Amino acid sequence: MTTTSKLYRIAVYGGDGIGADVTREALRLLNAVAQRHAFQLVLTELDWGIDHYRRTGVVVPENFLEILRPHDAILLGAVGWPAELPDHATLAPLVRIRQAFDQYACVRPAWLLPGVPCVLTGKSAGDIDLVVIRENSEGEYVDQGGWLHRGTDREVAIQTAVHSRRGVARILRYAFELARKRKQKLTMATKSNAQRYAYVLWDNLLDEIAPEYPDVASERQHCDALLMNLVRWPERFDVIVASNLFGDLLTDLAGQLAGGLGLAPSTNTNPERNFPSMFEPVHGSAPDIAGKGIANPTAAILSAAMMLEHLGEVAAARMIEQSIASTLAAGHRTRDLGGTLSTIEFTDRVLEHL
Ligand code: ATP
């Protein structure tokens, strides 16, 4: 008798600096849970990034999108090596991946785990358990605008934001669906008191779509108040949905509340699954600690768990999350959290807690 197991094709783009190191640790966890949950991962390991640039003069090959396309998911470490190449050159392929694969939902959970110090006094594990959904394809970051009277005293910079009915409606529905699966509460960031076109469209669409989800309590808050309330009462939030710019601000704040960069996972999701989605830690390549073996691999490991959840391997994803939670609760920490463990030693502890 033959046994069949599910098989997932994963493109692994470790990238630069600590990106490659933390991705290696995430793969150790993925391989361990794949064995236990009877699925297989077929990995395409991509040597793209600054080393590729040194060898060939380009960070990624010309046909990089075609190489990525047949995969079920992309696991990314981090890119960037500003000492040799400006960030826009290393980041350009990521922007093209997000656009070409219509990864319009950037999902960033902020989950304060046991044993993790919080910048807010009086908060403990469980008090912060929220997800920020950032619109990832349009809004304030469409790169449209221009200059008038450039270089003169009358110089004017115009930066255009584009919010489409289709773009806003699809991210709101994605956020409502997630809230329905979590604590049935959705908060939308707006600023319609000052921006009378863009955020009036957001407000109107929230009013239009909310009746489709009668089981979810939805509200809107002006982004300035929302940022303040997130610091005052993080426990009141479940799912927060925001435009590209507001999402950028909210995710950084929420990530810090939950313990900082070493712990924060993220996704660039194509919810329709027409194309591969991409999973990556929020942090960058951290050149200051690259090669020292001290990076915290938690954000990369939790990103890998989010990838498994997206692929439908929910039990395996929960297993990784729980082992991270119990490892931190037992007091095992890397240096960014005040501990002494190296990147590899910390992952060893996580594997023991599986
Ligand atoms: P980018 O612009 O790509 O986000 P950056 O330099 O602004 O890059 P990071 O590379 O994320 O930001 O690093 C910011 C700081 O956080 C650095 O001091 C870095 O050492 C630290 N840091 C980032 N990720 C980790 C990690 N996984 N473990 C420990 N420290 C980290």
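This is a short tour of one predicted model, from the whole chain to a loop residue and two helix pairs. Residues are numbered from 1 along each chain as its sequence is written. Because the model is predicted, local features need pLDDT of at least 70 and side-chain atom pairs count only at pLDDT 80 or more, while totals for chains, interfaces and linings use all residues.

**Whole chain.** Display the full C-alpha trace, which spans about 60 × 50 × 50 Å along its principal axes. Colouring by secondary structure gives 11 helices and 12 strands; these are DSSP runs numbered from the N terminus, with helices being H or I of at least four residues and strands E of at least two. The radius of gyration is 21 Å, which agrees with the value near 20 Å for a compact globule of 354 residues (taken over C-alpha atoms; the rule is 2.2 Å times the number of residues to the power 0.38). Of the 354 residues, 45% count as buried. Buried requires 20 or more other C-beta atoms within 10 Å of the residue's own, exposed 12 or fewer, and partly exposed lies in between, with C-beta atoms placed from the backbone. Among contacts between residues at least 6 apart in sequence, 76% join residues at least 24 apart; a contact needs C-beta atoms, placed from the backbone, within 7 Å.

**Glycine 122.** Select glycine 122, in the loop between β4 (105-111) and β5 (129-135). Glycine 122 counts as exposed because it has 6 C-beta neighbours inside 10 Å. Add glutamine 322, 200 residues apart from glycine 122 along the chain: their C-alpha atoms are separated by 23 Å.

**α1 and α11.** Next select residues 18-37 and 343-353; the axes of these helices come within 10 Å and cross at roughly 15 degrees. Axes are lines fitted to C-alpha atoms over the stretch in contact, and angles run from 0 to 180 degrees between N-to-C directions. α1 and α11 are therefore roughly parallel (under 35 degrees; over 145 is roughly antiparallel, 65 to 115 roughly perpendicular and the rest oblique). Show side chains for the contact, including Val22, Leu29 and Ala32 of α1 and Val350 and Leu351 of α11.

**α5 and α6.** Finish with residues 165-181 and 198-209, whose axes come within 10 Å and cross at roughly 50 degrees. That makes α5 oblique to α6. The contact includes Leu172 and Phe176 of α5, and Trp202 and Leu205 of α6.

Conventions
Two residues are in contact if their C-beta atoms, placed from the backbone, lie within 7 Å.
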